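The following note was prepared for a colleague who wishes to examine the model point by point. Please read it alongside the sequence and the coordinates.

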Amino acid sequence: MKHPEHIVIIGFGPVAASLIEGLMPSVTAGACRITVISAEEHLAYNRVLLAELAIGAAAFDHLLMVDEQRLRAAGIQLHLGAQATGVDRARRQVLIRGRDAVPYDRLIFATGARAMIPSLNGLNFDPHADTALPEGVFALRTIADADKLARCLAQGRRILILGGGILGIEAALAIAAAGGQPTLIHHGPAPLGRVVDSDGGKLLTRCLEDAGVQVISGVKATGIAKDDVGFTALVTTTHGQIPGGALLISTGVRARTELAEGCGLAVGRGIKTNEFLCADTEQRIYALGDCAEVAGQPPVGLLAPGWAQASWLAQHLSSPEQSSTPDFSASDVLMLKGQGIEVAAAGDISAGFWDDPQLQATVFADPTAGRYLKVVTRAQVVIGFLCIGLPLTSAELILAYERGTALPQDRSTLLRLDDPAVDPSSALPSDDDQLCRCSGATYGQVAHAVSEGCTTVAQVGDACRAGTGCGGCKSKIEELLAKAPALT
């Protein structure tokens, strides 16, 4: 009698949780058994919502992505708070500090990424380990980090956020929403410097300041100042010392690859795999999510491609003969929502009005109303856009950008979508269009979940996983729920 294949997963984040869910039919059928090894003591949770947890806008249970009782009832072994120290590939076992080694038939690295700590004077920088940071300095990657932020808010400290990317902005907006004192500090001319142009950046800065976030641009940070208690100021060559009671570092992430490298696997910007997520020649070891460099493509730090990888790998491990050719390509659409700020951007908007006769650049600006739009097209097809304060226009542009459909020759008609006096029927998506960018759930899948009796966003999430990622699609799900009588 064939023994069930033992699959060992190192790491227990959202991608690992999705993989386990995909493997559950095989587990219950007795075809495989699963052991999870996680350094964290918590079950898999959604890191994207840590800022909401810190300000009290979300409960921890809302972040959880698995049902522990269901997993254990299926026989899945969970080693929480267990630090994997090495992989013995010859003996096919994972070594764990202070515990017995765990044997495997297949090993899956889902170790994710750690916060990238800048090399500032006063920080013990180590690119391959979790840096021990001084009191008052933290990232926002774990439940413990969320607890630190909550304590800083309760103490009324001025919180400096170092980094002008999407995560830094969202953290700053959450702090402002909780009545805190956030100061967003970054080195570029404007936040989101990689996707905004000069005018859009100026408007975004003003919108952030109107929302209660102080923005300091063009900063060259060199170190931190501390006293006997902890952090007191960010030291810069451009703005002197910027005082604060805490420093939240949001300068990117780096894949956790040290375990893989230690057992002889190839690593680069992540654990190197082929297009089938396989990291070794024996097809026993796989990597996925934020720790994986798949077919030369670096990790993108988004839930959507990680979940797509988990779904494919679960199918491949369960029924390899039925595996299709994987496609893990991820959309480059960026979306920011919070405190009344609506930003969507994608592609390349660097073209000017007269740069290339084959490109058409269209710009609309209404700074008083907080609205800005730049669209660049080639042969009427969108190759890049930036949209601020125009949510319906953004939705139409995202659909056009991802479908590759042509825009109307009169670009001004796009703006009418956000005119409350106009019926925006042309912006209505089809059932096959993606509603949840994290899970890939479509409008049709959400509509079906609602028609089957779902009445809350959480129930829709349980049915088709929509809304369980970054939360950016929550308002769209609520709209469909509000129209439930028309759908049933």
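**Notes on the predicted model**

1. Strand 9 and strand 16, the latter spanning residues 246-249, are paired in the parallel sense over 2 bridges. Within this pairing, Phe 138 has Leu 248 of strand 16 as its bridge partner. The reader should bear in mind that the model is predicted.

2. The pair belongs to an open sheet of 5 strands, whose order is 9-16-10-11-12 and whose pairing is parallel. Strand 9 (137-138) and strand 12 (214-216) are the edge strands; each has a single partner strand, so one side of each lacks a neighbour in the sheet.

3. A further parallel pairing involves strand 1 (residues 5-10) and strand 2, which are joined by 6 bridges. Ile 9 has Val 36 of strand 2 as its bridge partner. Strand 2 covers residues 32-38 and is mostly shielded, with 6 of its 7 residues buried. As general background, side chains in a regular strand alternate between the two faces of the sheet.

4. Which backbone angle deserves attention at Leu 277? Its phi is positive, at about 70 degrees, although the residue is not a glycine. Leu 277 is placed in the loop between strand 18 (271-273) and strand 19 (285-287). Its relative accessibility is 0%, and it therefore counts as buried, the cut-off for that class being under 20%.

5. Gln 380 also calls for inspection of its backbone: phi is near 70 degrees, a positive value in a residue other than glycine. The residue is found in the loop between strand 24 (371-378) and strand 25 (381-388). Gln 380 has a relative accessible area of 25% and is partly exposed, because that class lies between the limits of 20% and 50%. For context, most residues other than glycine have a negative phi. A reviewer may wish to look at the backbone of Leu 277 and of Gln 380 in the display.

6. Is Gln 315 buried or partly exposed? With a relative accessible area of 34%, Gln 315 is partly exposed. It is located in helix 9, which comprises residues 303-318. When neighbours within four places in sequence are left aside, the contacts of Gln 315 are with Pro 320, Gln 322 and Ser 323. Leu 133, by comparison, is 182 residues from Gln 315 in sequence, and the two C-alpha atoms are 41 Å apart in space.

7. Turning to the whole protein chain, 15 helices and 25 strands are assigned. The C-alpha atoms fill a box of roughly 70 × 60 × 45 Å along the principal axes. The radius of gyration is 24 Å, which agrees with the value near 23 Å that a compact globule of 488 residues would have.

8. Buried residues account for 48% of the 488 residues in the protein chain. Of the contacts between residues at least 6 apart in sequence, 59% link residues at least 24 apart. The protein chain exposes about 22,900 Å², and 49% of this area is supplied by carbon and sulfur atoms.

9. As to charge, how far apart are the mean positions of the positive and negative charges of the protein chain? There are 39 positive and 51 negative charges, and their mean positions are separated by 5 Å.

Terms used
Residues numbered from 1 in each chain as written. Predicted model: local features only at pLDDT ≥ 70, side-chain atom pairs only at ≥ 80, totals over all residues. Heavy atoms only, no water. Helix = DSSP H or I, 4+ residues; strand = E, 2+ residues; numbered from the N terminus. Rg over C-alpha atoms; globule rule 2.2 N^0.38 Å. Buried < 20%, exposed > 50% of the residue type's maximum accessible area, 1.4 Å probe, protein only. Contact = heavy atoms within 4.5 Å. Areas by Shrake-Rupley, 256 points an atom, 1.4 Å probe, with all protein chains shown as cover. Lys, Arg positive; Asp, Glu negative; His and termini not counted. Charge placed at Lys NZ, Arg CZ, Asp CG, Glu CD. Pairing = 2+ DSSP bridges.
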